[in-house]
Amino acid sequence: MSCFYCEKDQRLLDLMLPLTELNWANVYLFRDQNHRGRCVVALKEHKDELFQFSPQQRDGFFAEVAAVAQAISEYTKADKINYAIYGDLVSHFHVHLVPKHRDGLQWGGPFTDDLPKVLLADQEYEEISQGLLAHLAPLL
């Protein structure tokens, strides 16, 4: 099965928008914005498992995951960031970063994708992207 994170094809663009490229990872804004600010951080190199990373790659990647999570938290004023790493269907190593708010959507449990999708106008995606990038820049 081909990998849409490696090929960066329409399958990827149907799910998420490129936000920025970092040293170890590519960052994407999820199109479904049930959790406003939800992003995916994907390792640039195709690896299926964490134990396949070199120590330098692991440390660099997770430092970038932490920076993106902090930017999302600051921008969205989230009470908690949920981190999800699965890979059953898309084995390319990636982390979902999902901002959650106390007394908000799915608080107190795992986030799920079984809710009606919240798709935004292009301008709204642009506003979120610019806000996230403004908070991310000082962290890198």
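Helix α3 (residues 55–76) lies across β2, β3, β4 and β5 in this predicted model. The angle between α3 and β5 is about 20 degrees. Another helix, α4 (residues 122–136), lies across β1, β2 and β3. The strands belong to an open sheet of 5 strands. The points below take the sheet, one of its strands, a pocket and a few single residues in turn.

**Helices on the sheet**
- Helix α3 lies across four named strands: β2, β3, β4 and β5.
- Helix α4 runs at about 25 degrees to β1.
- Strands β2 and β3 appear in the list for α3, and they appear in the list for α4 as well.

**The sheet**
- In what order do the 5 strands stand? The order is β1-β2-β3-β5-β4, and the pairing is antiparallel.
- The edges are taken by β1 (16–21) and β4 (80–84). Each has a single partner strand, so one side of each has no neighbour in the sheet.
- From one strand to the next, the twist averages 25 degrees.

**Strand pairs**
- β1 pairs with β2 in the antiparallel sense, over 5 bridges.
- These two strands, β1 and β2, form a hairpin, with 3 residues between them.
- Two facing pairs can be picked out here. Leu-17 stands opposite Leu-29 in β2, and Glu-21 stands opposite Asn-26 in β2.
- β2 also pairs with β3 in the antiparallel sense, again over 5 bridges. In this pair, Val-27 stands opposite Val-41 in β3.
- At the other edge, 5 bridges join β4 to β5 (residues 94–100), and these strands run antiparallel.
- Tyr-83 has Leu-97 in β5 as its bridge partner.

**Strand β2 up close**
- How many of the 6 residues of β2 are buried? The count is 6 of the 6, so β2 is largely enclosed by the rest of the structure.
- In a regular strand, side chains alternate between the two faces of the sheet.
- In β2, Ala-25, Val-27 and Leu-29 point one way. Asn-26, Tyr-28 and Phe-30 point the other way.
- Residues of both sets are buried.

**Gln-33, in the loop after β2**
- Gln-33 sits in the loop between β2 (25–30) and β3 (39–43).
- Is Gln-33 buried or exposed? Its relative accessibility is 4%, and buried means under 20%. Gln-33 therefore counts as buried.
- A polar atom of the Gln-33 side chain lies 2.6 Å from the backbone nitrogen of Gly-37.
- Leaving aside neighbours within four places in sequence, Gln-33 is in contact with Arg-38, Val-118, Leu-120, Tyr-125 and Ile-128.

**The largest pocket**
- The largest pocket has a volume of about 400 Å³.
- Its lining is made up of 20 residues.
- Which residues lie nearest the centre of the largest pocket? They are Leu-15, Phe-30, Arg-38, His-96 and Asp-113.
- Three elements give two or more residues to this lining: α1 (4–7), α2 (10–15) and β5.
- Arg-38 is a link between two topics. This residue is one of those nearest the pocket centre, and Arg-38 is also in contact with Gln-33.

**Ser-2, before the helices**
- Ser-2 is in the segment before α1.
- Ser-2 has 38% relative accessibility, so Ser-2 counts as partly exposed.
- Not counting residues up to four places away in sequence, Ser-2 touches Glu-7 and Arg-11.
- The side chains of Ser-2 and Arg-11 make a polar contact, at 3.1 Å.
- Ser-2 and Val-90 are 88 residues apart in sequence. In space they are 9.3 Å apart, C-alpha to C-alpha.

**Two lysines with positive phi**
- Lys-8 is not a glycine, yet has a positive phi of about 50 degrees.
- Where is Lys-8 found? Its place is the loop between α1 and α2.
- With a relative accessible area of 45%, Lys-8 is partly exposed.
- Lys-77 is not a glycine either, and has a positive phi of about 60 degrees.
- Lys-77 lies in the loop between α3 and β4.
- The relative accessible area of Lys-77 is 63%, and exposed means over 50%, so Lys-77 is exposed.

Note on methods
Residues numbered from 1 in each chain as written. Predicted model: local features only at pLDDT ≥ 70, side-chain atom pairs only at ≥ 80, totals over all residues. Heavy atoms only, no water. Buried < 20%, exposed > 50% of the residue type's maximum accessible area, 1.4 Å probe, protein only. Polar contact = N/O pair within 3.5 Å; in protein donor to acceptor, adjacent residues only side chain to side chain. Contact = heavy atoms within 4.5 Å. Pairing = 2+ DSSP bridges. Axes fitted to C-alpha atoms, helices over the stretch in contact; angles between N-to-C directions. 1 Å grid on protein atoms, 1.4 Å probe; cavity = no way out; pocket = protein on both sides within 12 Å on 5 of 7 lines; lining within 4 Å. Points joined across faces, edges and corners; volume = space filled by probe spheres on them.
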